Amino acid sequence: MKPLKELVRTNVWELAPYSSARNEYSGHEAHVFLDANENPYNNPLNRYPDPLQRDVKRELAKVKQVPEDNIFLGNGSDEAIDLVYRIFCNPKVDNVVAIEPTYGMYKVCADINDVEYRPVLLDEHYQMSAEKMLKACDKHTKMIWLCSPNNPTGNNLYQEEIEKILKGFDGIVIIDEAYSDFSSAEVFRQRLEEFPNMIVFNTMSKAWGCAAIRMGMAFASKEIIGLFNKVKYPYNINLLTQTQAMEALANRIDVERWVNLLLQERGKMMQAFLDLPFCEMVYPSDANFFLAKVSDAQVIYDYLVEKGIIVRNRTKVQLCLNCLRITIGTKNENMELLAALRQYV
């Protein structure tokens, strides 16, 4: 890995971050707060939240087995995606390399930040070649984007190929593990010391059933986490989100039960799809969804919309012609989908 200073934008490295009122007295007990121009009434919503979300990180560290200092919390993973561009990439100069197809926000944030985005197609099994990914890089490539399990394909990328990239690339490698709670594969967030050029994403939106609170996570070296905290908005995670996250983390047994139920339903749904006469292929999945190739994705999608059932039509995504992405719902929701599809002519 190049020295971190060489990878970070010069203006960001030299940036004097905003000093919030809640940070300045850190390490001291206080009970009278007359520093932040807050209204003294309507407690607790009148006070600014902890800008570093210390209580949430403390509990999250136990669950994810990552030290608190190696955790950044964002307004969804999308905030962290945007921040890495702002930290590392000079607009109109630097570029990033990514697998294709994958989560669309990597490219959207590249476009917003005016950074060249270089997609590298997966193979027919939706696997990547580390060699091809590295060949797409040049001296201006700051980051490589990987998603495993991948979206929309649902499968884990081969870990040995991921390791080749981590060892062969001297910039930043981002591995989005948003769906890793549904997979039995080893998670890379527990190998931060081994790969200091790695940033790993995770989220409360999937297995934790908390998409509405918008809380994403980034795991990285303390130095990289320090850069995230330097660039982020002062109070990026509101008190309501932090409170709900703490409640969710206190009820981990529910999450384990949900994941087990979803995995059972995933197996049943994938098998049921294979029996549908218009289904041509069901791809392997390590996530809470699967990709199915059908005879005419748009027609079937429109048919389901008329029935009030919404799936994701991915036919316009590269390598996903006539593919529908099916999220695993409750048993009743899954049965309603199957009942509608069995009536489709």
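Visitor: Which strand does Lys293 lie in?

Guide: Lys293 lies in strand β9, residues 289–294. Helices (H or I, at least four residues) and strands (E, at least two) are DSSP runs, numbered from the N terminus. Residues are numbered from 1 along each chain as its sequence is written, and side-chain values use heavy atoms, with hydrogens and water left out. This is a predicted model: local features need pLDDT of at least 70, side-chain atom pairs count only at pLDDT 80 or more, and totals for chains, interfaces and linings use all residues.

Visitor: Is Lys293 buried, exposed or partly exposed?

Guide: Start with the cut-offs. Buried means under 20% relative accessible area, exposed means over 50%, and partly exposed is in between (1.4 Å probe, protein chains only). Lys293 has 23% relative accessibility, so it counts as partly exposed.

Visitor: Which residues does Lys293 touch?

Guide: A contact means heavy atoms within 4.5 Å. Leave out residues up to four places away in sequence, and Lys293 touches Phe278, Cys279, Glu280, Met281, Tyr283, Leu321, Asn322 and Cys323. Phe273 is 20 residues from Lys293 along the chain, and their C-alpha atoms are separated by 9.8 Å.

Visitor: How many helices and strands does the protein chain have?

Guide: The chain has 13 helices and 11 strands. Its radius of gyration is 22 Å, close to the 20 Å that the globule rule gives for 345 residues, so the chain is as compact as a globular protein of that length. That radius is taken over C-alpha atoms, and the rule is 2.2 Å times the number of residues to the power 0.38. Along its principal axes, the C-alpha trace spans about 70 × 50 × 30 Å.

Visitor: What percentage of the residues count as buried?

Guide: Of the 345 residues, 52% count as buried. Sequence separation is another thing to read. Take contacts between residues at least 6 apart in sequence: 69% of them join residues at least 24 apart.

Visitor: How many residues of helix α5 are buried?

Guide: Helix α5 spans residues 76–88, and 11 of its 13 residues are buried. Among them are Ile81, Leu83, Val84 and Phe88. Glu79 and Asp82 are on that buried list too.

Visitor: How many disulfides are there?

Guide: A disulfide is a covalent bond between the sulfur atoms of two cysteines. Here it is a pair of cysteine sulfur atoms within 2.5 Å. By this rule the count is 0. Take Cys89: its nearest cysteine sulfur, that of Cys109, is 11 Å away. Cys89 is buried, at 1% relative accessible area. For Cys210, the nearest cysteine sulfur belongs to Cys147, 20 Å away. Cys210 is buried as well, at 9%.

Visitor: Where do cis peptide bonds occur before Pro44 and Pro101?

Guide: Read the omega angle. A cis bond joins Asn43 and Pro44, with omega about 5°. Pro44 sits in the loop between α3 (21–24) and α4 (54–64). Another cis bond joins Glu100 and Pro101, again with omega about 5°. Pro101 sits in the loop between β2 (95–100) and α6 (105–112).

Visitor: What is the phi of Asn37?

Guide: Asn37 has a positive phi of about 55°, although it is not a glycine. Asn37 is in the loop between α3 and α4. Its relative accessible area is 78%, so Asn37 is exposed. Leu319 is not a glycine either, and its phi is positive, about 70°. Leu319 lies in the loop between β10 (312–313) and β11 (323–327). At 39% relative accessibility, Leu319 counts as partly exposed.
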